[in-house]
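Visitor: I am new to this structure, and I would like to understand what the words used for it rest on. Could you show it to me and take me through them?

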Amino acid sequence: NVDMVGTGVDVPMLPAAQAVYDKRKAALGREDPEARCLPPGVPRMSTTPYPWTIIQQPQLITIVYEGGAHIWRKIFMDGRPHDPCVEDSWLGDSIGHWEGDTLVVESEGYNERFWMHRGGLPHSDALHLTERFSPPDFDTLKYEVTINDPKVYTKPWTGGFNVPWTYTNWDGSPGGEITEYFCQDYERDVQSFDE
């Protein structure tokens, strides 16, 4: 089992998944899809160093990620079932509901190409995520995710972290709004690590 560094979370991997993870770690991130400007996937997109914002409407919540992939995630709040046609997706098919002031999101339909964590945690097309977003106080968003993927892990497991609200821009000036950032596909600096 892998102890996610600094989290104390024991990740119960099956042997084949452990071998994939060990290979990715040994390569020091050179094979990381996000390093080639591909989407980070879920739940990793919530842990990247780029800002994100939540746009809430009655039937739809949209999370806009400012990072290199410039992506947005739709969470349907209208009670619909999962769309069986959504497969091979970077962000999955996400259906949400409220439990008090906690947003609970169930997602599935993922591809196998993204890493769930910058260290290279694998997953399969059977991945099912249950995410919980809650406000423990005015300036904090608590994020918790339960990962259920029977092709990769011996049992479901849970991890999470707190996200502080930011009221400043990247340079420390007041604001905290999302700004432009561009990650270029086939970035030469990243490719030079392979040489």
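Guide: A residue is called buried when its relative accessible area is under 20%, exposed when that value is over 50%, and partly exposed in between, with a 1.4 Å probe and protein chains only. By that rule, 41% of the 195 residues of the chain count as buried. This is a predicted model, in which local features need pLDDT of at least 70 and side-chain atom pairs count only at pLDDT 80 or more, while totals for chains, interfaces and linings use all residues. Residues are numbered from 1 along each chain as its sequence is written, and side-chain values use heavy atoms, with hydrogens and water left out.

Visitor: Why is Ser134 called buried?

Guide: The relative accessible area of Ser134 is 16%, and the limit for buried is under 20%, so Ser134 counts as buried. Ser134 is placed in strand E8, residues 128–137, where a strand is a DSSP run of at least two residues and a helix, H or I, one of at least four, both numbered from the N terminus.

Visitor: What makes the link between Asp32 and Arg44 a salt bridge?

Guide: A salt bridge needs a side-chain nitrogen of Lys or Arg within 4 Å of a carboxyl oxygen of Asp or Glu. In the pair of Asp32 and Arg44 the closest N and O atoms are 2.8 Å apart, so the pair meets that definition. Both residues lie in the loop between H1 and strand E3 (52–56), so the salt bridge ties together parts that are 12 residues apart in sequence.

Visitor: Are these two partners buried or exposed?

Guide: Asp32 has a relative accessible area of 8%, so Asp32 is buried, and Arg44, at 6% relative accessibility, counts as buried too.

Visitor: How do you know that Asp125 and Lys151 form a salt bridge?

Guide: Their closest N and O atoms are 2.6 Å apart, which is within the limit for a salt bridge. Asp125 lies in the loop between E7 and E8 and Lys151 in the loop between E9 and E10, so this pair ties together parts that are 26 residues apart in sequence.

Visitor: Why is Lys151 called exposed, and why is Asp125 called partly exposed?

Guide: Lys151 stands at 54% relative accessibility, so Lys151 passes the limit for exposed, whereas Asp125, at 42%, falls in between the two limits and therefore counts as partly exposed.
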